[in-house]
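Me: Hello! I have a structure to look at and would like to learn how to read it, step by step.

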Amino acid sequence: MMEFKHKAALFDLDGVIFDTEPGYTQFWERLLAHYYPDPEARTASIKGTTLFQTLDMLFSGSLEKERPYIVQCLNEHERQMPFPYIPGFQAFVSRLREQGVKTAVVTSSNHPKMANVYRSHPEFQGYFDAILTSEDFTESKPSPQCYQRAAERLGIGIEDCAVFEDSINGLRSGMAAGMYVIALTTAHPAEELKPLSHLQIPDFTAV
């Protein structure tokens with residue numbers, strides 16, 4: 001691997017560290033089909049949002065009574081998720097740490113979801129200097145707040161941070177934060193992500 005030119009690497013979780021996006025897409029499309037005539041479009045609109053924001057967007061008004069059921073279904077789905085790593089991630093992040101690069105997770109996932117991650121992968125927390133979840137910020141992607149707070153947590157300047165993202169909202173968040181943005185093409189084709197990123201890669205074996 002070539003020498004990494006930034007002092008910090010900030011990683012989104014789903015679709016960047018773990019190959020979970022296909023499973024989430026199927027889950028939400030199947031669930032939303034009971035409530036909306038266009039579940040695919042609705043699913044695309046909530047990528048990168050917190051659970052609370054998803055509920056506000058899709059289950060308000062007459063559908064608010066469905067929220068406990070939705071949360072129950074999501075919790076059950078996440079308890080059964082295998083959380084497979086994106087190819088090359090473990091080797092890549094290990095090499096970054098060997099070079100003295102600070103690493104952080106910046107995700108819209110919440111603490112209960114992360115508890116499932118830690119249970120599935122006991123080694124996970126050892127890869128990072130910080131893990132920021134939805135509880136750590138008040139504005140969701142595409143707001144730059146989450147990545148700005150991650151830089152502050154690590155004590156690294158904005159210009160020295162690189163962001164790894166896959167969703168449209170996540171890429172916009174990294175760009176709005178003024179960071180170097182690397183797009184993984186796990187959820188969208190490279191051509192679609194070029195205007196929102198500085199570099200596009202299929203996975204970490206390509207770095």
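**Reading the structure together**

Reply: Gladly! Let us begin with one residue, Ala 115, which lies in helix 6. Please keep in mind that this is a predicted model.

Me: Is Ala 115 buried, partly exposed or exposed?

Reply: To read this, look at how much of a residue's surface remains accessible; a value under 20% counts as buried and one over 50% as exposed. Ala 115 has a relative accessibility of 34%, so it counts as partly exposed.

Me: How far apart are Ala 115 and Arg 79 in sequence and in space?

Reply: They are 36 residues apart in sequence, and their C-alpha atoms are 9.3 Å apart in space. You can set that beside another pair: Leu 10 and Leu 32 are separated by 22 residues in sequence and by 31 Å from C-alpha to C-alpha. Ser 167 and His 111 make a third pair, 56 residues apart in sequence and 21 Å apart in space, again C-alpha to C-alpha.

Me: Let me step back to the whole chain. How many helices and strands does it have?

Reply: The protein chain has nine helices and six strands. Its radius of gyration is 17 Å, close to the 17 Å that the globule rule gives for 207 residues, so the chain is as compact as a globular protein of that length. Its C-alpha atoms fill a box of roughly 55 × 35 × 30 Å along the principal axes.

Me: What share of the residues is buried, and what share of the contacts joins residues 24 or more positions apart?

Reply: Of the 207 residues, 52% count as buried. Among contacts with a separation of 6 or more, 65% are between residues 24 or more positions apart. As for the outside, the chain exposes about 9,700 Å², with carbon and sulfur atoms supplying 51% of it.

Me: How many charged side chains of each sign are there?

Reply: There are 18 positive and 27 negative side chains, and the centres of the two sets lie 2 Å apart.

Me: How should I read the inside of the protein?

Reply: Here is the general idea: in soluble globular proteins, nonpolar side chains tend to be buried together. In this structure, the largest nonpolar core has 44 residues, and those with the most contacts inside it are Phe 11, Ile 17, Trp 28, Phe 124, Phe 128 and Phe 164. Elements that give two or more residues to this core include strand 1 (8-11), helix 1 (21-32) and helix 6 (111-120). Helix 1 makes the largest contribution, five residues. There is also a second, separate core of 23 residues, which includes Leu 132, Cys 146, Tyr 147 and Ala 183.

Me: Which residues does Phe 128 touch, beyond those up to four places away in sequence?

Reply: Phe 128 touches Phe 11, Ile 17, Phe 89, Val 93, Arg 97, Thr 103, Ala 104 and Val 105.

Me: And where does Leu 10 lie?

Reply: Leu 10 lies in strand 1. Its relative accessible area is 0%, so it is buried. Beyond its neighbours within four places in sequence, its contacts include Ala 104, Tyr 147, Leu 154, Val 163 and Met 179.

Me: Which residues of helix 7 are buried, and what covers them?

Reply: In helix 7 (residues 145-154), the buried residues are Gln 145, Cys 146, Tyr 147, Ala 150, Ala 151 and Leu 154. Their cover includes strand 1, strand 2 (102-106), strand 3 (130-132), strand 4 and helix 8. Just after helix 7 comes Gly 155, whose phi is positive, near 75°.

Me: How do I spot unusual backbone geometry?

Reply: Start from the common case: most residues other than glycine have a negative phi, and most peptide bonds are trans. Now look at Phe 83, in the loop between helix 4 and helix 5. Its phi is positive, near 50°, and with a relative accessible area of 0% this residue is buried. For the peptide bond, go to Lys 141 and Pro 142: the bond between them is cis, with omega near 20°. Pro 142 is found in the loop between strand 3 and helix 7.

Me: Which residues is Asn 169 in contact with, leaving aside neighbours within four places in sequence?

Reply: Lys 141 and Pro 142 appear again here, together with Ser 45, Lys 47 and Thr 49. Asn 169 itself sits in helix 8 (residues 168-176), and its relative accessible area of 16% makes it buried.

Terms used: Residues are numbered from 1 along each chain as its sequence is written. This is a predicted model: local features need pLDDT of at least 70, side-chain atom pairs count only at pLDDT 80 or more; totals for chains, interfaces and linings use all residues. Side-chain values use heavy atoms; hydrogens and water are left out. Helices (H or I, at least four residues) and strands (E, at least two) are DSSP runs, numbered from the N terminus. Buried means under 20% relative accessible area, exposed over 50%, partly exposed in between (1.4 Å probe, protein chains only). Contact means heavy atoms within 4.5 Å. The radius of gyration is taken over C-alpha atoms; the globule rule is 2.2 Å times the number of residues to the power 0.38. Accessible areas come from the Shrake-Rupley method with a 1.4 Å probe; for residues, only the protein chains shown count as cover. Lys and Arg count as positive and Asp and Glu as negative; His and the chain ends are not counted. The place of a charge is taken as NZ of Lys, CZ of Arg, CG of Asp or CD of Glu. A nonpolar core is a set of buried Ala, Val, Leu, Ile, Met, Phe, Trp, Tyr and Cys residues joined through side-chain atoms within 4.5 Å.
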